[in-house]
Amino acid sequence: MQIESTQNSRVKEWSSLLEKKHRDKHRKFIVEGVHLVQEALKAHADIECVAFSLERGIPSELARAAADSLGVEWIGVSEAVIAKCTDTKTPQPVFAVIRKENVPPARLFEQPDSLVVVLDGVQDPGNVGTIIRSADAVGAAGVVIGRGSADVYGPKVIRSTMGSLFHLPIVEGDLKELLPQAKERGVRIAGTSLQSARSCYEYDFTGAKWLVFGSEGGGLSKDTLALLDDAVIIPMKGRAESLNVAMAASVLLFEASRQRDFKG
């Protein structure tokens, strides 16, 4: 199949997915570029179609997948269509339209002693994507995206995840409901606080732990602070007042991984 006109009805729907309200309405999102399309295919994501440049052809890295991927529609499109449907200044030669997976919160409770990352109003897309990538790197059981955080299916977040979006469950929901549910199941909720005197290197990250990270400017919300079981601080020898939230999350996640997976 080929589509060359930007006025095509499917193209109009695809291009609308650059806006959150349309991603929510259609329950779909777009990933751009060879690497992210590869990751979506490897993860058996619910791919509606892969659109590739008619002028440049199917990228060689995806040629085998194009021949083998049953149920995925491959559509040749014009450069104008690619430019209309993608977010980058220099469009990639391929993009995929993917249906959102509705991950139930119960899935995060299936693994005993699981490590889960929770975002409470983290608004910077790069930070959200980096935290998801770090969570994937340490083998976390999943990520919870609380209200007020950047849309995990936005183009900038997706690019920042480098494909980690497809490697672990991501739950979107209201933390005022999800955190108490976790606590009822024996999970301890931990977060950073500048008022805490407890070093993260003295804290026990083993067992069922949900690590909560707050907004870049205001930190954790009052409602979330009230639900914390443990507060820790990252000790710093230098004169920096604080760390970027993505850096702080990575420090805690890798300390948790050291304790849980690399015991000496």
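Modeller: Let's start with residues 30–104: the chain there is 29% helix and 28% strand, with its end C-alpha atoms 22 Å apart. Bear in mind that this is a predicted model.

Colleague: Happy to. Which annotation covers residues 30–104?

Modeller: The unreviewed UniProt entry gives them as "domain: RNA 2-O ribose methyltransferase substrate binding".

Colleague: Now the sheet. What is the order of the strands?

Modeller: The order is 1-4-3-5-2, in an open sheet of five strands with mixed pairing. Strand 1 (2–3) and strand 2 are the edge strands, each pairing on one side only.

Colleague: And how does each edge strand pair, parallel or antiparallel?

Modeller: Strand 2 runs antiparallel to strand 5 (residues 94–99), joined by five bridges; Phe-29 has Ile-98 as its bridge partner. Strand 1 pairs with strand 4 (residues 73–77) in the parallel sense over two bridges, and there Ile-3 is partnered by Val-77.

Colleague: How should I read the two faces of a strand?

Modeller: In a regular strand, side chains alternate between the two faces of the sheet. In strand 2, Lys-28, Ile-30 and Glu-32 lie on one side and Phe-29 and Val-31 on the other, and all are buried.

Colleague: Why is strand 2 said to be largely enclosed?

Modeller: Because five of the five residues of strand 2 (residues 28–32) are buried, the rest of the structure largely encloses this strand.

Colleague: Which strands does helix 1 lie across?

Modeller: Helix 1 (residues 9–16) lies across strands 1, 2, 3, 4 and 5, at about 100° to strand 3 (47–53). Helix 3 (residues 34–42) also packs on the sheet, touching strands 2, 3, 4 and 5, and its direction makes about 35° with that of strand 5.

Notes
Residues are numbered from 1 along each chain as its sequence is written. This is a predicted model: local features need pLDDT of at least 70, side-chain atom pairs count only at pLDDT 80 or more; totals for chains, interfaces and linings use all residues. Side-chain values use heavy atoms; hydrogens and water are left out. UniProt positions are given in the numbering used here, feature names are shortened, and annotations may be inferred rather than shown by experiment. Helices (H or I, at least four residues) and strands (E, at least two) are DSSP runs, numbered from the N terminus. Buried means under 20% relative accessible area, exposed over 50%, partly exposed in between (1.4 Å probe, protein chains only). Two strands pair if DSSP finds at least two bridges between them. Contact means heavy atoms within 4.5 Å. Axes are lines fitted to C-alpha atoms, for helices over the stretch in contact, and angles run from 0 to 180 degrees between N-to-C directions.
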